[in-house]
Amino acid sequence: MSFNGYFFEENKITDPEVFKAIKNELARQQNQIELIASENFASREVMAAQGCIMTNKYAEGYPGKRYYGGCSFMDIVENIAIERVCKLFNCKFANVQPHSGAQANLSVFYALMSPGDVFLGMGLDMGGHLTHGAAPTISGRWFRPISYGVGADGLIDYDNVQKLAQEHKPKIILAGASSYSRKIDFKRFREIADSVGAYLFVDIAHYAGLVVAGLYPSPIDYAHVVSSTTHKTLRGPRGGIVLTNSEAIAKKINSAVFPGVQGGPQMHSIAAKAVAFGEALRPEFKEYAKKVLENSIAMAERLQEHGLDLVSGKTECHMSVVDLTKLSINGKIAETELEEAGITCNKNTIPFDKLPPTQTSGIRIGAAAMTTRNLGTSEFKKIADMMYSVLSNYGKSGYNKLKSEVRADALELCKAYPLYK
């Protein structure tokens with residue numbers, strides 16, 4: 001049975017419809033500039049592990065304490081993943097079983113709170129994540145979230161967080177964000193949490209790769225518990241992790257993940273996580289993360305040179321949120337038009353947005369994926385020029401011709417830095 005790195009060739013015959021969709025998605029990824037901040041390109045090794053035969057095995061429980069027989073090799077792989085991720089983040093305990101970041105966060109809530117308990121989280125409209133208390137989610141329905149946000153400068157208002165903590169006495173204070181481009185003061189958050197007897201829970205899903213490279217503050221010494229995804233800047237498979245230095249909390253987390261919110265772990269994903277953690281432990285990963293930060297800053301500053309505003313004024317990580325209010329285009333239209341021009345990003349609300357979430361006044365951009373393709377600062381500046389050309393000329397005479405030219409430039413750039421060649 002041959003494997004081309006993406007899909008079994010036999011499926012051309014046995015399932016041509018699915019094979020065609022996968023083949024087309026490969027072409028899309030190869031031929032578009034990927035700026036979605038939460039996406040990256042996993043290595044062939046990670047993808048091979050993700051598609052390995054461990055998908056056939058049930059392994060409910062934890063290493064040495066499984067509910068099924070035949071788990072000796074599952075134990076080996078999971079222990080490797082745990083050992084490597086603890087080394088990466090310099091922590092004592094890790095759970096590598098969560099299927100996603102959302103599952104990881106739910107596990108923390110399940111472990112440390114009861115239905116109806118109050119917690120503080122960054123508002124979705126201010127840069128937080130859905131799982132940080134948004135109304136449609138379990139975190140918003142089962143518990144009582146109190147949202148904090150940013151000031152007029154786009155920076156987290158720590159004084160307001162302190163005030164809300166004193167007023168509401170939350171069980172958990174959740175730090176972390178989905179579209180916040182500045183460094184978060186985890187020490188300040190811990191001081192606020194201690195002042196009201198709350199747990200400090202930090203979600204570093206977006207920043208994890210920069211954290212392990214020493215380019216973004218680590219919350220490990222301040223937080224009671226930390227969650228993350230394993231893709232994004234970590235460049236691994238889709239999945240989640242939970243980290244802590246507390247043995248007591250680790251036991252609660254393990255019980256919360258299984259049997260609390262999940263059944264059998266996806267051992268093929270855990271194998272892929274182990275491979276990705278091994279990659280992140282290599283010296284070249286730090287060089288990669290350094291380039292991500294350099295490229296992110298270069299792209300952001302070039303957009304500012306064109307006169308566009310960034311939420312919070314600059315970026316200190318892999319992503320930026322671009323304020324489009326000076327232009328005659330909203331985030332939804334910008335996302336569509338840029339994709340047609342060969343550049344993929346996502347619409348994003350800005351703080352105090354006057355447009356609904358279905359439209360938004362901003363877009364979010366990130367540098368992690370295209371840095372994986374070895375683009376440097378000069379290429380990211382060019383991408384910024386291309387983006388501005390599309391955004392600023394939308395609706396003007398000759399726009400469609402200009403967009404086609406940008407699309408051609410995007411394709412040329414992608415071919416110069418091939419993906420999975």
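Is Cys86 buried or exposed? In this predicted model, Cys86 has a relative accessibility of 10% and therefore counts as buried. Its sulfur has the sulfur of Cys91 as its closest cysteine partner, at 4.0 Å, which is too far for a bond, because a disulfide requires two cysteine sulfur atoms within 2.5 Å. Cys414 is likewise in no disulfide, and the nearest cysteine sulfur, that of Cys345, is 14 Å away. With a relative accessibility of 1%, Cys414 also counts as buried. Across the whole structure, the search finds zero disulfides.

Aromatic rings provide the next topic. The whole structure holds ten aromatic pairs. One of them joins Tyr67 and Phe258 in an edge-to-face arrangement, with 5.6 Å between the centres and 65 degrees between the planes. Tyr67 belongs to the loop between β3 (65–66) and α4 (72–89), while Phe258 belongs to helix α10 (residues 247–261), so the pair ties together parts that are 191 residues apart in sequence. Tyr67 counts as exposed, at 62% relative accessibility, whereas Phe258 is buried, with a relative accessible area of 10%.

Another edge-to-face pair consists of Phe109 and Phe201, whose centres are 5.9 Å apart and whose planes meet at 85 degrees. Because Phe109 lies in helix α5 (residues 101–112) and Phe201 in strand β8 (residues 199–203), this pair ties together parts that are 92 residues apart in sequence. Both Phe109 and Phe201 are buried. These two residues form one aromatic cluster together with Phe119 and Phe143.

A ring may also face a charged side chain: Arg235 lies over the face of Tyr288, at 3.8 Å from the ring centre.

Technical notes: Residues numbered from 1 in each chain as written. Predicted model: local features only at pLDDT ≥ 70, side-chain atom pairs only at ≥ 80, totals over all residues. Heavy atoms only, no water. Buried < 20%, exposed > 50% of the residue type's maximum accessible area, 1.4 Å probe, protein only. Phe/Tyr/Trp six-rings, centres within 6.5 Å; stacked < 30°, edge-to-face > 60°. Helix = DSSP H or I, 4+ residues; strand = E, 2+ residues; numbered from the N terminus. Lys NZ or Arg CZ within 6 Å of the ring centre and 35° of its normal.
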